[in-house]
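The following exercises concern a single predicted model. Each consists of a task and a solution worked in steps.

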Amino acid sequence: MTLDEARALDRTDPLARFRDRFALPDGVIYLDGNSLGPLTHASRAAVADCTTRQWGDRLIRSWNEGWIDAPQRIGAKLAPLLGAHPHEVIAGDTTSANLFKALVAALRIDPKRRVIVSELGNFPTDLHIAEGAVACVPGAELRAVPRAQLADALGPDTAVLLLTHVHYKTAERFDMAAWTRAAHDAGALAVWDLSHSVGAVPLDLDGANADLAVGCTYKYLNGGPGAPAFLYVAERWQERLESPLSGWMGHAEPFSFTDRYQPGPGMKRWLVGTPPMLAMASLEAALDLWAEVEMATLATKSAQLFDILAAAGDALGLDCVTPRDPTLRGSHISFRHPHAYALAQALIARGVIGDFRDPDILRLGLTPLYLSHEDVWRAGEHLRGAIEAKEWQEARHQRRLAVT
Ligand SMILES: Cc1ncc(COP(=O)(O)O)c(C=O)c1O
Ligand SMILES: Nc1c(O)cccc1C(=O)C[C@H](N)C(=O)O
């Protein structure tokens with residue numbers, strides 16, 4: 001693709017108008033929205049309002065003026081992006097904590113089923129949390145296997161199939177409906193981690209008949225650093241499962257201050273403690289923009305952006321580890337390179353912010369709401385420049401500690 005062709009695509013881009021909603025710094029091409037989404041003007045204003053007016057002026061009265069319902073209200077705003085009903089989603093805690101709740105609850109359904117099946121090489125927290133969950137349930141175990149062995153790992157002892165829908169390194173995407181069916185055929189529940197999927201690809205949890213799901217909101221949804229995560233529990237499970245973290249906010253009547261725990265109705269029982277309102281305010285404001293976004297349009301542009309960088313990588317002979325078929329991937333592209341860390345640093349020095357994932361992955365996020373085709377074309381040119389000049393050899397780009 002030429003620069004003129006990229007600019008021609010930008011002239012007819014139905015998503016181009018969203019770029020102005022973001023407070024991106026000049027001189028940066030941001031290809032890391034799959035790790036930390038950028039600040040929106042709406043979030044900045046919402047946090048200022050939450051701080052100055054709601055906290056500063058209204059003080060504790062704010063709990064009755066919209067704060068206490070924020071987890072449910074934000075959950076309802078997330079629901080269309082997940083293909084869920086508004087009452088099936090709640091915002092709060094972290095993805096890790098929500099996953100713990102989901103896994104322990106699912107492990108406790110049937111004492112004959114005590115195994116969590118998951119994928120080796122899954123995002124570390126998923127496996128770490130699964131280890132922690134099985135340690136809390138007598139007789140439970142984690143069976144983590146390579147992707148090719150997942151189907152064989154399911155059996156009469158399986159309580160849960162835990163999968164990350166879009167892989168954080170390669171962007172490979174599981175067929176949610178097919179794998180949920182495979183879990184159900186084995187008599188197990190399907191629990192999905194949608195951290196690299198929500199806001200990146202169209203989702204249909206209800207259509208896939210999924211059981212539970214969790215995910216981050218600080219990536220493609222731009223909720224802010226450490227923004228509250230979400231938890232989805234299909235309606236049919238809501239009254240049958242119990243959260244192992246029985247905190248007072250999940251109580252049926254938190255303000256009755258009773259000694260005995262009694263789980264709240266529906267998604268309320270999955271709450272634990274006090275919602276972090278500054279973070280909730282940032283997330284809620286960032287989500288409002290999504291009501292205007294057509295996911296099919298987003299997917300089309302994501303594929304166009306992918307093709308630009310894939311072509312740049314092909315011309316350089318790079319090893320692209322992300323599937324070429326758009327239905328089989330999320331919205332980032334990853335290249336394997338022996339000097340991936342230094343190459344990522346060289347690109348950052350050129351103003352192209354992507355990231356590195358151990359041991360040899362250069363990962364570039366493709367976020368259609370604020371990246372133009374020209375941005376991505378220019379990123380491809382920087383990639384070429386950095387590789388042709390062997391900038392990865394420069395001492396200043398060599399690996400030190402504290403990598404994100
Ligand atoms: C697949 C996946 N799950 C979970 C997380 C993180 O969860 P938490 O918000 O608990 O840090 C990430 C990224 O950090 C992720 O990529
Ligand atoms: N959550 C992160 C953090 O607190 C610091 C640095 C990076 C992250 C990430 O989100 C990493 C991300 N999940 C990944 O896919 O690699």
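**Exercise 1.** Which residue in β7 is the bridge partner of V191?

*Solution.* The bridge partner of V191 in β7 is L212. Helices (H or I, at least four residues) and strands (E, at least two) are DSSP runs, numbered from the N terminus. Next, consider the strands themselves: β6 and β7 (residues 212-215) pair in the parallel sense over three bridges, where two strands pair if DSSP finds at least two bridges between them. On β8, L212 stands opposite V233. β7 and β8 run antiparallel and are joined by four bridges.

Conventions for this and the later exercises: residues are numbered from 1 along each chain as its sequence is written, and chains are lettered from A and ligands numbered from 1 in the order in which they are written. As this is a predicted model, local features need pLDDT of at least 70, side-chain atom pairs count only at pLDDT 80 or more, and totals for chains, interfaces and linings use all residues.

**Exercise 2.** Determine the strand order of the open sheet and identify the strands at its edges.

*Solution.* The order of the seven strands is β2-β8-β7-β6-β5-β3-β4, with mixed pairing. β2 (89-91) and β4 (141-145) stand at the edges; each has a single partner strand, so one side of each is left without a neighbour in the sheet. From one strand to the next, the twist averages 20°; axes are lines fitted to C-alpha atoms, for helices over the stretch in contact, and angles run from 0 to 180 degrees between N-to-C directions. At one edge, β2 pairs with β8 in the antiparallel sense over three bridges, and I90 has L231 as its bridge partner in β8.

**Exercise 3.** Which helices pack on or lie across the sheet, and how is β8 covered?

*Solution.* Helix α3 (residues 70-82) packs on the sheet, touching β2, β7 and β8 (230-233), and its direction makes about 125° with that of β2. Helix α5 lies across β3 (115-119), β4, β5 (158-164) and β6, at about 170° to β3. For β8, both faces are covered: F230 and Y232 on one side, and L231 and V233 on the other, are all buried. A residue is buried if 20 or more other C-beta atoms lie within 10 Å of its own, exposed if 12 or fewer, and partly exposed in between, with C-beta atoms placed from the backbone.

**Exercise 4.** Is L142 buried or exposed, and which residues does L142 touch?

*Solution.* L142 is in strand β4. With 20 other C-beta atoms within 10 Å, L142 is buried. Not counting residues up to four places away in sequence, L142 touches I116, S118, A130, E131 and V134; contact requires C-beta atoms, placed from the backbone, within 7 Å.

**Exercise 5.** Compare the settings of T125 and H196, two of the positions in the UniProt "binding site" feature.

*Solution.* The feature comes from an unreviewed UniProt entry, and T125 and H196 are among its positions. UniProt positions are given in the numbering used here, feature names are shortened, and annotations may be inferred rather than shown by experiment. The annotated positions span 180 residues in sequence, and the farthest two C-alpha atoms are 30.6 Å apart, so they do not all gather at one spot. T125 is in helix α5 (residues 124-136) and is partly exposed, with 17 other C-beta atoms within 10 Å. H196 lies in the loop between β6 (189-193) and α8 (205-208) and is buried, with 27 other C-beta atoms within 10 Å.

Definitions and conventions. Contact = placed C-beta atoms within 7 Å.
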